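Please open the structure in your viewer and keep the selection tool at hand. The tour below proceeds stop by stop, stating what to select and what is found there.

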Amino acid sequence: MKILVLGGGIGGMAAALKLKALGHQVDLVEQAKDWKAVGTGLTLSVLTLRALWDLGIGKEITEQGYVHDGVDIYDQHGEFIRTVLSKRVISSETPSEGAILRPVLHQIMSEKVIEAEINVRLGDTIDTIKSDLKTGSDVQFVSGIKDHYDLVIGADGVFSKLRDLLMPEQAKPEYTGQACWRIQFERPAEITRGRMFQSERMKVGFNPCSPTHMYMYMMECVPKDQVWREEAELPQIAKTLLSDFDDVLHDYIAQIDANTPIIYRPLDRVMVDGAWHRGSTLLIGDAVHATTPHLGSGAGLAVEDAIVLAHFIEQYGDDLETVFNEFMQKRLQRARYVVETSGEIGRMEIAGESMIARSMLLAKGFEQVTNAYM
């Protein structure tokens, strides 16, 4: 088949790689002219690390990221609460979670795309599409290029243009009431797995994400009308937010200044709770199930989508009706669980519900996403 993958992020690259490996002709079109990832660390939950491992890049992640077996949980004063160890699902010798710097993961995956000789076009995106299950999709791009594809895969993110074109009835992304902070630090030798500190108001954690670095994450509850921040203000706002944790994080708080890598991102979510396909076009990843990072599984869900789609295409070929039906049977419930559970944890944090209740739901969520996806 001749296949268009729209979107050059994690999900789009995963889909392009899997389908090219099956012998299909794949065009990968990315709107950005500068093809790179912005951000600091990406959490590799059990779900996400396993998906990337199944994609065939486990060795590179182990060498350039950081993998470990769980998280140590403390209160805001440094009193130890518990250690949560993850089940090893890749192999008995391989830790099942960790983190990696987003630009590093992008580099690993984009190099694989280039090595696979996938046709990549940057600085372009879709303008119009006419998509039919039997006859394929006629696509016109913003650049003026026109082409016909047997299958179109939309992996163009939470603010998906393809979703708006094909599913205008679907709700737009909604702001969740929280923003996520990620702040990069050098990693001390004694931090060899995740660490989380919780107060009644918020949680702060550290994830080792490379042989030499880690990132701090924190969730902030922010009213919608106050969510915009100037970049120059971020270091001081971060210091203020972390003041409740000064007993244990003083040295890190003191390091934060204008040169510290900080990513601040308001959290939007999307859940298309129905068919993700129209005609011969299928949407995957954040375009149909953008989740908050509470379970660390957004990127992993997108990679799982790509792997499962390729599996059914290998099984059923160009019988897209069967491919799409089988795909939805596998993916809808799992994606819905991650989006809804992550959203509920966020709601509990906003409402200030007990740390115990939040921790119990978090543990249940991690246990569920450990289950196999195929």
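A residue is called buried when its relative accessible area is under 20%, exposed when that area is over 50%, and partly exposed in between. The model on the screen is a predicted one.

**First stop: a pair between two helices**

Select Asp305 and Arg331. Their side chains form a salt bridge, in which the closest N and O atoms are 2.7 Å apart. Asp305 belongs to helix 9 and Arg331 to helix 10, so this pair ties together parts that are 26 residues apart in sequence. Is Asp305 buried or exposed? Its relative accessibility is 0%, and because the limit for a buried residue is 20%, Asp305 counts as buried. Arg331 is likewise buried, with a relative accessible area of 0%. Now add Glu304 and Arg334 to the selection: together with Asp305 and Arg331, these residues are linked in a network of salt bridges. Side chains of opposite charge can pair when their charged atoms come close.

**Second stop: along helix 10 and the loop before it**

Remain in helix 10 and select Ile345, which is located there. Ile345 is buried, at 1% relative accessibility. Then select Leu361 as well. The two residues are separated by 16 residues in sequence, and their C-alpha atoms are 7.1 Å apart in space.

Next, move to the loop between helix 9 (298–316) and helix 10 (320–351), where Asp318 is found. Asp318 is exposed, its relative accessible area being 61%. Which residues gather with Asp318 in a patch of negative charge on the surface? They are Asp150, Asp319 and Glu321.

**Third stop: further salt bridges**

How many salt bridges does the structure hold? There are 18. One of them joins the side chains of Lys2 and Asp147, with an N to O distance of 2.6 Å. Lys2 lies in strand 1 (residues 2–6) and Asp147 in strand 11 (residues 146–149), so the pair ties together parts that are 145 residues apart in sequence. Lys2 is partly exposed at 22% relative accessibility, and Asp147 is also partly exposed, with a relative accessible area of 24%.

For another salt bridge, select Arg121 and Asp124, whose side chains meet at 3.1 Å, N to O. In this pair, Asp124 counts as buried, at 4% relative accessibility.

**Fourth stop: a serine in a loop**

Select Ser96, in the loop between strand 6 (80–85) and strand 7 (97–101). Although Ser96 lies in a loop, this residue counts as buried, at 1% relative accessibility. What does the side chain of Ser96 reach at 2.8 Å? At that distance is the backbone nitrogen of Val89. Show Lys87 too: its backbone oxygen lies 3.0 Å from a polar atom of the Ser96 side chain.

**Last stop: a covered helix**

Finally, select helix 2 (residues 46–55). This helix is mostly covered, as 8 of its 10 residues are buried. The buried residues are Val46, Leu47, Thr48, Leu49, Arg50, Ala51, Leu52 and Leu55. Just after helix 2, select Gly56, which takes a positive phi of about 105°.

Definitions and conventions:
Residues are numbered from 1 along each chain as its sequence is written. This is a predicted model: local features need pLDDT of at least 70, side-chain atom pairs count only at pLDDT 80 or more; totals for chains, interfaces and linings use all residues. Side-chain values use heavy atoms; hydrogens and water are left out. Patches are made of residues with over 30% relative accessible area and no salt bridge: like charges are joined within 9 Å, nonpolar side chains (Val, Leu, Ile, Met, Phe, Trp, Tyr) within 5 Å. Accessible areas come from the Shrake-Rupley method with a 1.4 Å probe; for residues, only the protein chains shown count as cover. A salt bridge is a side-chain nitrogen of Lys or Arg within 4 Å of a carboxyl oxygen of Asp or Glu. Lys and Arg count as positive and Asp and Glu as negative; His and the chain ends are not counted. The place of a charge is taken as NZ of Lys, CZ of Arg, CG of Asp or CD of Glu. Helices (H or I, at least four residues) and strands (E, at least two) are DSSP runs, numbered from the N terminus. Buried means under 20% relative accessible area, exposed over 50%, partly exposed in between (1.4 Å probe, protein chains only). A polar contact is a pair of N or O atoms within 3.5 Å; within protein, one must be able to donate a hydrogen and the other to accept it, and residues adjacent in sequence count only if both atoms are side-chain atoms.
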